[in-house]
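The following exercises ask the reader to work through a structure one step at a time. Each task is followed by its solution.

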Amino acid sequence: MTREVTKRISIFHTEAQNLMKQKQYRDAVVLYLNSLLMDKENTETFINISKAYKRLKEYNKAVKYLNHAKKINEDKFEIHYELGINHLLNAEPYKAVFCFQKAIKLNPKNINAQIQLAISHELLDEPEISLMIYEKILEERPNFILCHNHKAGLYMQLGEFEEAAKVFKQILKIKPNYFRANLGLGICFDKLERRHFAVRYYKKYIVEKPDSDTTKALVGRIVEIYSKKSTEPKRLKVVS
């Protein structure tokens with residue numbers, strides 16, 4: 001390849017990256033395809049085309065170009081990771097699992113791939129495997145809040161609100177007043193019919209996020225809880 005061709009490819013890539021930043025993904029694809037005409041073995045070009053198609057939500061096309069890249073370089077982590085993401089976005093978690101497994105094999109320390117693998121197993125109704133992955137991650141990174149969030153969310157999906165509450169409390173030890181943990185605890189206590197504690201954590205969330213749509217819903221829920229309390233019959237206390 002001549003120096004002039006290399007220079008032209010570099011220009012195409014720079015212009016395409018600028019178009020990606022401007023969210024002009026279709027135009028970026030055209031430039032990347034033009035650069036492929038000059039170098040059909042450029043792995044990065046195939047990956048970049050796939051990312052543009054991913055932004056366009058054309059996941060099958062994104063997968064097609066990633067598979068081209070894989071034929072050139074089977075052992076590149078990013079290819080398998082991006083394949084997994086596109087399969088997830090395309091509602092194909094069974095395919096995503098194999099891609100993330102391959103990505104982790106190539107880069108065992110990559111936390112994002114491990115998280116995405118766990119999410120894939122969640123979508124396949126395999127919560128035990130997901131929890132095992134989250135536990136493994138947290139053994140090495142006990143303060144990893146994102147992983148705690150996913151773990152708590154999974155417990156909530158399973159209806160295990162006591163377990164979820166324990167995880168949210170752990171998050172608050174790491175990051176006090178974290179709004180997501182306060183909201184999660186409020187919901188858990190609400191589901192467990194511990195309304196007093198639910199209101200406490202709902203109010204903490206409201207303090208942190210006063211203008212959010214969730215806050216509006218929580219204010220309504222708090223009013224509902226107080227209204228229910230006021231209509232409950234009072235019981236006589238026996239004084240001895």
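The model examined here is predicted.

**Exercise 1. Decide whether Thr 45 is buried or exposed, and identify its contacts.**

Solution. Thr 45 has a relative accessibility of 0%, so it counts as buried. The cut-off that this step needs is that buried means under 20% relative accessible area. Next, place the residue: Thr 45 belongs to helix H3, residues 43-55. Finally, setting aside neighbours within four places in sequence, Thr 45 is in contact with His 13, Tyr 32, Ser 35 and Leu 36.

**Exercise 2. Classify Leu 33 by its accessibility and find what it touches.**

Solution. Begin with the location, which is helix H2, residues 25-38. The relative accessibility of Leu 33 is 30%, and therefore this residue counts as partly exposed. Not counting residues up to four places away in sequence, Leu 33 touches Ile 49 and Tyr 65. A further step compares sequence with space: Leu 33 and Phe 12 are 21 residues apart in sequence, while their C-alpha atoms are 9.3 Å apart.

**Exercise 3. Describe the surroundings of His 80, then those of the helix that holds it.**

Solution. His 80 lies in helix H5, which runs over residues 77-89. Because its relative accessibility is 3%, His 80 counts as buried. Apart from residues up to four places away in sequence, it touches Lys 70, Glu 74, Cys 99, Lys 102, Ala 103 and Leu 106. His 80 and Phe 98 are separated by 18 residues in sequence and by 8.8 Å in space, C-alpha to C-alpha.

Now consider the helix as a whole. H5 has 13 residues and reaches 19 Å from its first C-alpha to its last, close to the 18 Å expected at 1.5 Å a residue. H5 is mostly covered, with 11 of its 13 residues buried; among them are Phe 77, Ile 79, Tyr 81 and Leu 88. The cover over the buried residues of H5 includes H3, helix H4 (59-72), H6 and H7. Just after H5, Ala 91 takes a positive phi of about 60 degrees.

**Exercise 4. Determine which residues of H8 are buried and why they lie on the same side of the helix.**

Solution. First, the dimensions: H8 covers residues 127-140, 14 in number, and reaches 20 Å from first to last C-alpha, close to the 20 Å expected at 1.5 Å a residue. Second, the buried residues of H8 are Pro 127, Ser 130, Leu 131, Ile 133, Tyr 134, Ile 137 and Leu 138. These residues span an arc of only 160 degrees around the axis, and they are therefore on the same side of H8. Third, Glu 128, Met 132, Glu 139 and Glu 140 are exposed on the other side of H8. Lastly, helix H7 (111-123) and helix H9 (145-157) are included in what covers the buried residues of H8.

**Exercise 5. State the volume of the largest pocket and establish which helix gives the most to its lining.**

Solution. The volume of the largest pocket is about 200 Å³. Its lining includes Gln 101, Ile 104, Lys 109, Leu 117, Met 132 and Ile 137. At least two lining residues come from each of helix H6 (93-106), H7 and H8. H8 gives the most, with 5 residues. Sorted by class, the lining has 7 nonpolar, 2 polar and 3 charged residues.

Terms used: Residues are numbered from 1 along each chain as its sequence is written. This is a predicted model: local features need pLDDT of at least 70, side-chain atom pairs count only at pLDDT 80 or more; totals for chains, interfaces and linings use all residues. Side-chain values use heavy atoms; hydrogens and water are left out. Helices (H or I, at least four residues) and strands (E, at least two) are DSSP runs, numbered from the N terminus. The expected span of a helix is 1.5 Å times one less than its number of residues. Buried means under 20% relative accessible area, exposed over 50%, partly exposed in between (1.4 Å probe, protein chains only). The arc is that of the directions from the helix axis to the C-beta atoms. Contact means heavy atoms within 4.5 Å. On a 1 Å grid over the protein atoms alone, a cavity is a set of points where a 1.4 Å probe fits but cannot get out, and a pocket is an open set with protein on both sides within 12 Å along at least five of seven lines; lining residues have an atom within 4 Å of a point. Grid points are joined across faces, edges and corners, and a volume is the space filled by probe spheres set on the points. Ala, Val, Leu, Ile, Met, Phe, Trp, Tyr, Cys and Pro count as nonpolar, Asp, Glu, Lys and Arg as charged, and the others, Gly among them, as polar.
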